[in-house]
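Colleague: I would like to learn how to read a few features of a model residue by residue. Could you take me through them in turn?

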Amino acid sequence: METTLVLIKPGGVSRNLIGEITRRIEARSLRVAGMKLIRAERATVEEHYSEHRERPFFGSVCDYLTSGPVIAMAVEGENAVKAIRAMMGATNPLEATPGTVRGDFALTIDDNLTHSSSDPEAAARELKLWFPEGLPH
Ligand code: CMP
């Protein structure tokens, strides 16, 4: 059993895609183990994307993630990390297969609708950052 982090970015929230994305996750028999709508602190987002600190898009992705409310979701299930990454599709929506969230609803890398943890170690780190209070039992 694994737990992974999914963020629905401000574009996904403002386009009313919370339900559609959550529906797909639940339809896959993955369990929503935590979920909240928040306006993220800049410090949280900078910590979240710390591995990208030197990349040219670091500032703009942090601006974007703090530009409006986001959904932070903890998703649990067998091989949840890999299953969720596959469901979201390639980071660049132009390369995302139809049938994936990005392949169906996104067009640009700057607004690729969701973030999901890349591996179990990243998931543990990101879940602690976005759910410092822990998950409800
Ligand atoms: P995400 O999975 O949240 O991880 C980093 C984010 O930075 C990525 O999705 C994109 O939304 C954004 N980004 C913008 N430009 C790039 C790029 N050239 N390569 C990777 N990510 C990028």
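Colleague: Where does Tyr49 sit among the helices?

Modeller: This is a predicted model. Tyr49 is placed in the loop that joins helix H3 (42–48) to H4.

Colleague: Is Tyr49 buried or exposed?

Modeller: The label depends on relative accessible area, with buried meaning under 20% and exposed meaning over 50%. Tyr49 has a relative accessible area of 6%, so Tyr49 is buried.

Colleague: How far apart are Tyr49 and Gly68 in space?

Modeller: Sequence separation and spatial separation are read as two numbers. From C-alpha to C-alpha, Tyr49 and Gly68 are 17 Å apart, with their positions 19 residues apart in sequence.

Colleague: Which helix holds Phe58, and what is the distance from Phe58 to Glu46?

Modeller: Phe58 belongs to helix H4, residues 58–65. The C-alpha atoms of Phe58 and Glu46 are separated by 8.3 Å, and the two residues are 12 apart along the chain. Phe58 has a relative accessible area of 9%, and therefore counts as buried.

Colleague: Tyr49 came up as a loop residue. Which residues are around the ligand?

Modeller: Tyr49 is one of them, and the list also includes Lys9, His52, Arg55, Phe57, Val61 and Thr91. Further along the chain come Arg102, Ile109, Asp110, Asn112 and His115. By class, this shell has 4 nonpolar, 4 polar and 4 charged residues.

Colleague: Which side chains have polar atoms close enough to the ligand to count as contacts?

Modeller: The test is a pair of N or O atoms within 3.5 Å. Lys9 has a polar side-chain atom 2.8 Å from an oxygen atom of the ligand. For Asn112, a polar side-chain atom lies 3.1 Å from a ligand oxygen. In the side chain of His115, an N or O atom is 3.2 Å from an oxygen atom of the ligand. On its own the ligand has 450 Å² of accessible area, and the protein covers 80% of that.

Colleague: What kind of space does the ligand take up?

Modeller: The ligand occupies the largest pocket.

Colleague: Now backbone angles. Which residue between helix H1 and H2 deserves a look?

Modeller: Asn16, in the loop between helix H1 (10–14) and H2. A check on phi starts with its sign and with the residue type. Asn16 is not a glycine, yet its phi is positive, at about 60°. Asn16 has 67% relative accessibility, so it counts as exposed.

Colleague: What is the phi of Leu113, and is Leu113 buried or exposed?

Modeller: Leu113 is not a glycine either, and its phi is positive at about 70°. Leu113 is buried because its relative accessible area is 0%. The loop that holds Leu113 runs between helix H6 (101–105) and strand E4 (114–116). Leu113 and Ile21 are 92 residues apart along the chain, with their C-alpha atoms separated by 9.6 Å.

Colleague: Finally, where is Leu30, and how far is it from Ala106?

Modeller: Leu30 is in the loop between helix H2 (18–27) and strand E2 (31–38). Its relative accessibility is 8%, so Leu30 counts as buried. Leu30 and Ala106 are 76 residues apart along the chain, and 22 Å separates their C-alpha atoms.

Note on methods:
Residues numbered from 1 in each chain as written. Heavy atoms only, no water. Near = heavy atom within 4 Å. Polar contact = N/O pair within 3.5 Å; in protein donor to acceptor, adjacent residues only side chain to side chain. Areas by Shrake-Rupley, 256 points an atom, 1.4 Å probe, with all protein chains shown as cover. 1 Å grid on protein atoms, 1.4 Å probe; cavity = no way out; pocket = protein on both sides within 12 Å on 5 of 7 lines; lining within 4 Å. Sits in = over half its atoms within 2 Å of the grid points. Nonpolar A, V, L, I, M, F, W, Y, C, P; charged D, E, K, R; others polar. Helix = DSSP H or I, 4+ residues; strand = E, 2+ residues; numbered from the N terminus. Buried < 20%, exposed > 50% of the residue type's maximum accessible area, 1.4 Å probe, protein only.
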